[in-house]
Amino acid sequence: MQFCTLFSGSSGNVVYLAGEHGAVLIDCGMSGKQTLDAMARAGLDTASVHAILITHEHSDHIKGVGVVSRKLGVPVYATEGTWDGMAATLGDLPMRDRVAIHPGESFFLDDLEVVPFSIPHDANDPVGYRFFLGRHSVAVATDLGYFSQTVCDAVSGSEIVLLESNHDPELLKSNPHYPARLKSRILGKKGHLSNEDSADAAVRLAQCGTKHLLLGHLSSENNTPEIAYRTAHGALSSAGAIIGQDVSLHVAARYQASFLYRY
Ligand SMILES: [Zn+2]
Ligand SMILES: [Zn+2]
């Protein structure tokens, strides 16, 4: 199993996960060219990609989906609500490449078992994903208004978790470029996970066996990698975890591939 983010943040998200017989992209929120170039830079084989899984229809998750699906000739998986929200923006896609999935109903792609789960976010039926390959598992949980029980149950026990750490609430509240409505959307129960809430979730995950935490989907204006890292590090340390020994902690870069986790 190989796992990394290629892009992560409010400017665009692309995640790569490979099993033994094929790989998937989770979201494709940069242009097709940027996505394929990033895979080449990271040494990842585009021919290994057998599907694109979408979390929700916001543009930072779907910008390049149509182009990459056509270029690689691979199907796109999304909930019916997400299809309603994005179908018109993807361009021509044959019906066989439009696959509807349902939260809580698992399916297989090659040797990967995929479990989509509902997330609290202001989109049509958005989901996160957990993947199982043999005894290993990985979860992608970003765009979370809060760390709901559904999300907690779905991702607990994953060895690797990509967890949202979107904003510092004080930076967000004092940001003069953000209108009040946008601030309350981000801070709301269907918005994005703050560093503090992410850090609390990180502690719960570490206590349930997660070995690798990758913080992602950082806001470009209302967060920095240093603040996100420090907040999670502080909470994990206070809970008694030794970073680098009990659990590894990294921040996914906005425009660069993250560390490539291999099992
Ligand atoms: Zn979103
Ligand atoms: Zn997003």
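Buried means under 20% relative accessible area, exposed over 50%, and partly exposed in between (1.4 Å probe, protein chains only). The legends below use these words in that sense.

This is a predicted model, in which local features need pLDDT of at least 70, side-chain atom pairs count only at pLDDT 80 or more, and totals for chains, interfaces and linings use all residues. Residues are numbered from 1 along each chain as its sequence is written, chains are lettered from A and ligands numbered from 1 in the order in which they are written, and side-chain values use heavy atoms, with hydrogens and water left out.

**View 1. The zinc ion (ligand 2) and its protein donors.**
Asp60 (OD), His61 (NE2), Asp143 (OD) and His217 (NE2) are the protein donors of the zinc ion (ligand 2), at 2.1 to 2.2 Å. Donors are N, O and S atoms within 2.8 Å of the metal (3.2 Å for Na, K and Ca); water is not among the atoms, so sites may look incomplete. The site is irregular because its four donor atoms subtend angles of 89 to 169 degrees. Four donors count as tetrahedral if all angles lie between 85 and 135 degrees; four count as square planar and six as octahedral if opposite donors are over 155 degrees apart and all others between 65 and 115; anything else is irregular. Along the sequence, the donor residues follow the spacing D-H-x81-D-x73-H. Aspartate 60 in helix H2 (residues 59–62) and aspartate 143, in the loop between strand E10 (136–141) and helix H5 (149–155), link distant parts of the chain, 83 residues apart. Helices (H or I, at least four residues) and strands (E, at least two) are DSSP runs, numbered from the N terminus. Aspartate 60 counts as buried because its relative accessibility is 11%.

**View 2. The zinc ion (ligand 1) and the bridging aspartate.**
The zinc ion (ligand 1) has the protein donors His56 (NE2), His58 (ND1), His121 (NE2) and Asp143 (OD), at 2.1 to 2.7 Å. The spacing of these donor residues in sequence is H-x1-H-x62-H-x21-D. This site too is irregular, with angles of 88 to 176 degrees among the four donor atoms. Aspartate 143 bridges the zinc ion (ligand 1) and the zinc ion (ligand 2), which lie 3.4 Å apart. Histidine 121, in the loop between strand E8 (112–118) and strand E9 (127–133), lies 22 residues from aspartate 143 in the chain. Both residues are buried: histidine 121 has a relative accessible area of 2%, and aspartate 143 one of 1%.

**View 3. The sheet from E7 to E13.**
Seven strands form an open sheet with mixed pairing, in the order E7-E8-E9-E10-E11-E12-E13. Two strands pair if DSSP finds at least two bridges between them. Strand E7 (107–109) and strand E13 (248–251) are the edges, each pairing on one side only. From one strand to the next, the twist averages 20 degrees. Strands E11 (residues 160–164) and E12 (residues 212–216) run parallel, joined by five bridges. Leucine 162 faces leucine 214 in E12 as its opposite residue. Helix H8 (residues 195–207) lies across E11 and E12, at about 165 degrees to E11. Axes are lines fitted to C-alpha atoms, for helices over the stretch in contact, and angles run from 0 to 180 degrees between N-to-C directions. Helix H9 (residues 225–238) touches E12 and E13, and its direction makes about 160 degrees with that of E13.

**View 4. The sheet from E6 to E14, with H1 and H3.**
This open sheet has seven strands in the order E6-E5-E4-E3-E2-E1-E14, with mixed pairing. Its edge strands are E6 and strand E14 (261–262). E3 and E4 run parallel and share four bridges; leucine 25 stands opposite isoleucine 52 in E4. H1 lies across strand E1 (2–7), strand E2 (14–18), E3 and E4, at about 135 degrees to E1. H3 packs on the sheet through E3, E4 and E5, at about 160 degrees to E4. Val65, Gly66, Val68 and Ser69 are the buried residues of helix H3 (residues 65–72). After H3 comes glycine 73, with a positive phi near 65 degrees.

**View 5. Histidine 102 and its contacts.**
Histidine 102 sits in the loop between strand E6 (98–101) and E7. It is partly exposed, with a relative accessible area of 32%. Leaving aside neighbours within four places in sequence, histidine 102 is in contact with Glu80 and Pro116. Contact means heavy atoms within 4.5 Å.
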